[in-house]
Amino acid sequence: QCRQGLVAGAGVAVGTGIRSQTLIYRGYFTSCEPALVSAPCEHLRRSDENQKSLTYFRSWKKWLRHVLRAVLRALYLSVLFSPCIATGPIVLAGHFVLSESRSRELMGKWLDLLRKSFEVAGATFIKLGQWGSMRRDIFPAAFCAEFAKLVDGTLPHSWDTTCRILEEDLGDVWRNGTITVDGTDALLGSGCVAQVYKGALRRSDGSTGAVALKVMHPNVADNMMRDIELLSVLTSTLELV
């Protein structure tokens, strides 16, 4: 079964100093492509030529789907960052024509917009922003201060998305209430790859113990792979130029 989320439960003491039981649930990123398996009966076996044709057809479809998703991701990022790109020259011009205080205020608003765009873009850009916030030898102090906010926390996904991932990964363990989470009030924090909830585990003897559920953001692995591929293409193009 293909799982898109990863749920890891770990015993933690959330400001209480209590040692609790550790649980780990993992959702694996496995291929959804059906395997070519030779049937035991002679009349169900395909010829080698047919199997090669089928494998080539599936590989071609998979490649085309991969390219299409990469193009759509590139278009999405282009639209997402277009306000920052469009307003960048205005902010730069304001440095020369406005007073220092007004120019600093305008730059602060633009950096806030840029940080939020990085945050919405996903894990790859959040990591780049976190790295940039620590490189005061390269970037201005205002940039580093603004992007340092990505280190403390990021935009979480919705509670409905969390419920869907938990149900897919845990199945009956989640549906029958063996593990429970008190909705968004139990959210402890959100990072670039996942967010953590405080939950409770009902043991077989009827007792309960505190657990932490780490829920991966939806499609985070696929988006990171596409972002890395797009950045690789971009850097290769710049090297040619």
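Here are a few numbered points to help you find your way around this predicted model.

1. A good place to begin is helix H1, which covers residues 48-97 and holds Leu64. Leu64 belongs to a nonpolar surface patch together with Trp60, Trp63, Val67, Leu68, Val71, Leu72 and Leu75. The accessible area of these residues together is about 780 Å². Leu64 itself is partly exposed, at 41% relative accessible area.

2. Next, have a look at helices H2 (residues 100-121) and H3 (residues 123-133). Their axes come within 6 Å and cross at roughly 135°, so the two helices are oblique to each other. On the H2 side, the residues in contact are Phe118, Glu119 and Ala121; they meet Phe125, Ile126, Leu128 and Gly129 of H3.

3. Is H3 enclosed or open? It is largely enclosed by the rest of the structure, because 8 of its 11 residues are buried. The buried residues include Phe125, Ile126 and Gly129, which also take part in the meeting with H2.

4. Now for the charged side chains. The model has a count of 10 salt bridges, and two of them can be followed along H2. Lys109 pairs with Glu105, with the closest N and O atoms 3.7 Å apart; these two residues are 4 apart in the helix, about one turn. Lys109 is exposed, with 55% relative accessibility, while Glu105 is partly exposed at 41%.

5. Asp112 and Lys116 form another salt bridge, at 3.2 Å from N to O. They too lie in H2, 4 residues apart, or about one turn of the helix. Asp112 is partly exposed at 22% relative accessibility, and Lys116 is partly exposed at 43%.

6. Glu146 and Lys149 are also joined by a salt bridge, their closest N and O atoms being 3.4 Å apart. Glu146 is buried, at 11% relative accessible area, whereas Lys149 is partly exposed at 42%. Salt bridges with shared partners link both residues into one network with Asp112, Arg115, Lys116 and Glu119.

7. Further along the chain, Ala210 sits in strand E5, residues 208-216. Ala210 is partly exposed, with 30% relative accessibility. Between Ala210 and Ile179 there are 9.6 Å from C-alpha to C-alpha, although they are 31 residues apart in sequence.

8. Finally, which backbone angle deserves a look at Asn219? Its phi is near 60°, a positive value in a residue other than glycine. Most residues other than glycine have a negative phi. Asn219 lies in the loop between E5 and helix H8 (220-240) and is partly exposed, at 38% relative accessibility.

Definitions and conventions:
Residues are numbered from 1 along each chain as its sequence is written. This is a predicted model: local features need pLDDT of at least 70, side-chain atom pairs count only at pLDDT 80 or more; totals for chains, interfaces and linings use all residues. Side-chain values use heavy atoms; hydrogens and water are left out. Patches are made of residues with over 30% relative accessible area and no salt bridge: like charges are joined within 9 Å, nonpolar side chains (Val, Leu, Ile, Met, Phe, Trp, Tyr) within 5 Å. Accessible areas come from the Shrake-Rupley method with a 1.4 Å probe; for residues, only the protein chains shown count as cover. A salt bridge is a side-chain nitrogen of Lys or Arg within 4 Å of a carboxyl oxygen of Asp or Glu. Buried means under 20% relative accessible area, exposed over 50%, partly exposed in between (1.4 Å probe, protein chains only). Axes are lines fitted to C-alpha atoms, for helices over the stretch in contact, and angles run from 0 to 180 degrees between N-to-C directions. Angles under 35 degrees count as roughly parallel, over 145 as roughly antiparallel, 65 to 115 as roughly perpendicular and the rest as oblique. Contact means heavy atoms within 4.5 Å.
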